[in-house]
Amino acid sequence: MSNVTVCVRFRPLSSKEKKDLGDNICIQSMDSETVIIKDEKEEGFAFSFDKVFYEESKQADVYEFLVLPIVRDTVNSINGTIITYGQTGAGKTYSMEGPNILESDEKKKGILPRVVDGLFACIKTSADSTKYTVKLSMVEIYMERVRDLFDLSKDNIQIKESKTQGIVLSGATEISLSDTAEALQSLSSGIANRAIGETQMNMASSRSHCVYMFTLNQESISEKRVKSGKLILVDLAGSEKVEKTGAEGRVLEEAKTINKSLSALGNVINALTCGSPAKANHIPYRDSKLTRMLQDALGGNSRTALLCCCSPSHSNASESLSTLRFGARAKHIKTSPLVKVSEEKCSKKNGDASGTRDESFEKILEKMSERLNDEDIKLLEELFIQAGLFVDPDSEEDLESAIQDVVQQTISSLMKAVEELRSTVEMLQRENNAMKGRLAVAERCDALPGENADFLQKIFGFLSSFIPGM
């Protein structure tokens with residue numbers, strides 16, 4: 001087990017921030033690992049991380065400390081994930097890509113081009129008896145849809161889970177890479193297709209979460225074994241406050257979706273870090289496409305690093321404080337990175353026939369009948385028919401994944417029904433208490449002399465028409 005590595009990077013003040021508030025900043029450097037930040041009320045909060053990169057930090061410093069160890073692990077077939085997080089305009093995309101993915105100035109290069117250089121440099125120094133293949137996929141999560149940035153016709157890619165491969169993107173384009181130049185050109189073409197928009201805080205604001213996936217297969221000719229490692233880089237869209245960004249129309253809808261998915265990410269991290277170690281805790285990975293895709297990175301088979309990007313300006317103190325709190329929670333996440341090795345052998349296919357939807361439907365019900373009683377199975381049949389939950393599993397892994405999806409959806413439906421029932425019970429209790437009150441008043445009125453009772457009942461009836469619950 002290993003903890004997520006968390007670093008914080010403060011960008012320099014922008015020209016707008018300097019114009020509005022001068023050179024005043026809300027942070028105080030204690031050392032290379034600890035920073036104090038003051039909120040709007042000038043109250044100080046201290047945070048410690050694996051490393052704090054201040055305004056004068058260099059792109060190479062971030063890469064060498066946070067990313068390079070994970071690149072080396074990937075070459076050794078250990079999965080890795082690097083995530084940039086922070087408010088819009090905090091420097092996430094600059095840290096990830098640099099000014100341009102094809103930037104030739106070594107000082108300005110971001111994490112992504114340095115990763116490409118690092119991967120191929122490690123491959124060149126490897127033994128001659130080992131053959132490497134590198135493949136790249138690139139997608140964005142835009143308005144809760146996974147879009148292929150190498151093939152825009154694939155605008156709703158499905159996320160699946162495999163026991164051997166973990167989380168996979170079904171049908172996403174994979175480009176084979178032979179050298180650094182080819183990799184950078186491929187990345188440049190994908191980035192050009194990413195959704196961006198203008199806000200008051202950022203001229204080219206990312207309107208989607210962008211995910212870069214490098215798959216590295218390592219074939220040992222002498223041992224006849226294949227090892228594989230996956231390196232995922234995630235440039236998250238920034239959290240937004242509408243009053244600051246001035247978002248409206250389509251941009252506002254994008255902001256709502258971005259904030260919702262980031263909230264789901266926060267909920268997953270809370271569930272991973274706040275539960276009791278002795279008790280299995282439900283982790284809501286399936287609440288968003290983002291958290292589903294990051295399932296392996298967050299508590300799974302991956303070595304994970306998080307770069308929290310912040311503004312040092314007093315005008316963004318509350319957002320920077322929120323980002324630091326997010327990073328502090330993420331630091332407690334435990335992951336289990338493992339080397340993935342497979343013997344080279346012919347895989348046995350289950351025939352050419354994939355089966356009809358009805359056959360797949362029956363397979364799932366048959367599998368679940370081993371765990372549920374007849375009444376539960378009948379209920380699931382009805383739910384399948386109503387929701388159109390048909391799958392076409394080609395393997396046992398797909399079947400298990402489909403079962404998990406159905407179980408999760410069923411649990412969510414039941415939880416929603418329980419919540420609605422609870423609300424109904426509370427409403428009935430309120431009505432019941434109001435009825436008891438009216439009966440008590442009526443009984444007291446009946447106990448009074450005739451004329452007084454009639455008068456009070458008239459007053460009570462009059463007030464009841466204006467005051468609900470009387």
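Reader: In this predicted model, is Glu144 buried, partly exposed or exposed?
Author: Glu144 sits in the loop between β8 (130-142) and β9 (145-148). Buried means under 20% relative accessible area, and exposed means over 50%. Glu144 has a relative accessible area of 28%, so the class is partly exposed.

Reader: What is the phi of Glu144 near?
Author: Glu144 is a residue other than glycine. Its phi is nevertheless positive. The value is near 65°.

Reader: Where is Ser77, and what is its phi near?
Author: Ser77 lies in the loop between α2 (59-75) and β7. Ser77 is not a glycine, yet its phi is positive. That phi is near 70°.

Reader: Is Ser77 buried or exposed?
Author: The cut-off for buried is under 20% relative accessible area. Ser77 has a value of 0%. Ser77 is therefore buried.

Reader: Which residues does UniProt place in the feature "binding site"?
Author: The annotation comes from an unreviewed UniProt entry. Gly86 and Ala90 are among its residues. The full list is Gly86, Gln87, Thr88, Gly89, Ala90, Gly91, Lys92 and Thr93.

Reader: Is Gly86 buried or exposed, and which residues does it touch?
Author: Gly86 lies in the loop between β7 (80-85) and α3 (92-97). Its relative accessibility is 4%, so Gly86 counts as buried. Leaving out residues up to four places away in sequence, Gly86 touches Lys92, Ala237, Gly238, Ser239, Cys309 and Thr323.

Reader: Is Ala90 buried or exposed, and which residues does it touch?
Author: Ala90 is placed in the loop between β7 and α3. Its relative accessible area is 2%, so Ala90 is buried. Not counting residues up to four places away in sequence, Ala90 touches Arg11, Cys309 and Cys310.

Reader: Why is α4 described as roughly antiparallel to α5?
Author: Two packed helices are described by the angle between their axes and the distance between the axes. The axes of α4 (residues 111-124) and α5 (residues 180-191) come within 10 Å and cross at roughly 150°. Angles over 145 degrees count as roughly antiparallel. The pair α4 and α5 is therefore roughly antiparallel.

Reader: Which residues make the contact of α4 with α5, and how many are nonpolar, polar and charged?
Author: α4 passes α5 in a right-handed crossing. Helix α4 contributes Leu112, Pro113, Val116, Asp117 and Phe120, and helix α5 contributes Thr180, Ala183, Leu184 and Leu187. By class, the contact has seven nonpolar, one polar and one charged residues.

Notes:
Residues are numbered from 1 along each chain as its sequence is written. This is a predicted model: local features need pLDDT of at least 70, side-chain atom pairs count only at pLDDT 80 or more; totals for chains, interfaces and linings use all residues. Side-chain values use heavy atoms; hydrogens and water are left out. UniProt positions are given in the numbering used here, feature names are shortened, and annotations may be inferred rather than shown by experiment. Helices (H or I, at least four residues) and strands (E, at least two) are DSSP runs, numbered from the N terminus. Buried means under 20% relative accessible area, exposed over 50%, partly exposed in between (1.4 Å probe, protein chains only). Contact means heavy atoms within 4.5 Å. Axes are lines fitted to C-alpha atoms, for helices over the stretch in contact, and angles run from 0 to 180 degrees between N-to-C directions. Angles under 35 degrees count as roughly parallel, over 145 as roughly antiparallel, 65 to 115 as roughly perpendicular and the rest as oblique. A crossing is left-handed if the near helix is turned anticlockwise from the far one by less than a right angle, and right-handed if clockwise. Ala, Val, Leu, Ile, Met, Phe, Trp, Tyr, Cys and Pro count as nonpolar, Asp, Glu, Lys and Arg as charged, and the others, Gly among them, as polar.
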